Amino acid sequence: MAFNSRRYTIHFGGAMMAYTVVLIASIAALNRLELDVLPAVLIALAPVLPVLYALRAYVVEFRSIDEFQRRIQAEAIIWSAGLVGFGSFAWGFVEIAVDVPRVSFIWILPALIAVYGLTQCVLMWRFK
């Protein structure tokens with residue numbers, strides 16, 4: 001494993017472990033404690049911090065990869081943002097028109113990541 005990939009794995013993996021711990025702790029605190037609005041909001045937002053660190057780890061790794069890989073990842077990000085963005089945009093119009101289940105904003109980032117991963121696989125296959 002190259003140094004950059006090992007560094008990315010350590011930083012991204014550590015961020016995801018921290019996210020898991022902070023998420024569980026924040027949910028437990030919100031369920032067990034009676035808090036005022038500001039402390040509750042701060043505790044609810046606590047899991048975002050490790051995810052921001054994971055984003056930083058990804059950006060550092062992205063800057064270190066070769067031009068071909070960077071092109072594939074950039075295109076995968078564009079497709080992911082477009083598909084999820086337009087999909088959520090379209091779903092919003094459907095929500096206005098008919099009675100369908102509402103989709104929470106919390107699902108946008110996981111959808112972006114999932115579509116990014118699938119798109120990256122398709123692009124890698126296409127360029128081979």
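**Reading the labels in this model**

Q: Why is Leu45 called partly exposed?
A: In this predicted model, Leu45 has a relative accessible area of 49%. Buried means under 20% and exposed means over 50%, so at 49% Leu45 falls in between and counts as partly exposed.

Q: What makes Leu45 eligible for a nonpolar surface patch?
A: A patch residue needs over 30% relative accessible area, and Leu45 has 49%. Leu45, in helix α2, makes the patch of about 660 Å² together with Val37, Val41, Val48, Leu49, Leu52 and Leu55. The elements that give two or more residues to this patch are α2 (37-45) and α3 (48-64), and α3 gives the most, with four.

Q: Which residues make up the largest nonpolar core?
A: The core has seven residues: Tyr58, Phe62, Ile65, Ile72, Ala76, Tyr116 and Leu123. Helices α3, α4 (67-97) and α5 (108-127) each supply at least two of them. Each core residue is buried, so its relative accessible area is under 20%. Within this core, Tyr58, Phe62 and Tyr116 are also linked into a cluster by ring pairs.

Q: What makes Arg126 and Glu75 a salt bridge?
A: The closest N and O atoms of the pair are 3.7 Å apart. The cut-off is 4 Å, so the pair qualifies. Arg126 lies in helix α5 and Glu75 in helix α4, so the bridge ties together parts that are 51 residues apart in sequence.

Q: How do you know whether Arg102 and Glu95, the partners in a salt bridge, are buried or exposed?
A: Their closest N and O atoms are 3.0 Å apart, which is within the 4 Å limit. Arg102 has 66% relative accessibility, over the 50% mark, so Arg102 counts as exposed. Glu95 has 19%, under the 20% mark, so Glu95 counts as buried.

Q: Why is the pair of Phe68 and Phe127 called edge-to-face?
A: The structure holds five aromatic pairs, and this is one of them. The ring centres are 5.9 Å apart, within the 6.5 Å limit. The planes stand at 80°, over 60 degrees, so the pair is edge-to-face. Phe68 lies in helix α4 and Phe127 in helix α5, so the pair ties together parts 59 residues apart in sequence. Phe68, at 40%, is partly exposed, and Phe127, at 26%, counts as partly exposed too.

Q: What makes Phe89 and Phe93 an edge-to-face pair?
A: Their ring centres are 4.9 Å apart and their planes are at 80°, so the pair is edge-to-face. Both lie in helix α4, four residues apart, about one turn of the helix.

Key: Residues are numbered from 1 along each chain as its sequence is written. This is a predicted model: local features need pLDDT of at least 70, side-chain atom pairs count only at pLDDT 80 or more; totals for chains, interfaces and linings use all residues. Side-chain values use heavy atoms; hydrogens and water are left out. Patches are made of residues with over 30% relative accessible area and no salt bridge: like charges are joined within 9 Å, nonpolar side chains (Val, Leu, Ile, Met, Phe, Trp, Tyr) within 5 Å. Accessible areas come from the Shrake-Rupley method with a 1.4 Å probe; for residues, only the protein chains shown count as cover. A salt bridge is a side-chain nitrogen of Lys or Arg within 4 Å of a carboxyl oxygen of Asp or Glu. Buried means under 20% relative accessible area, exposed over 50%, partly exposed in between (1.4 Å probe, protein chains only). A nonpolar core is a set of buried Ala, Val, Leu, Ile, Met, Phe, Trp, Tyr and Cys residues joined through side-chain atoms within 4.5 Å. Rings of Phe, Tyr and Trp (its six-membered ring) pair if their centres lie within 6.5 Å; planes under 30 degrees apart count as stacked, over 60 as edge-to-face and the rest as tilted.
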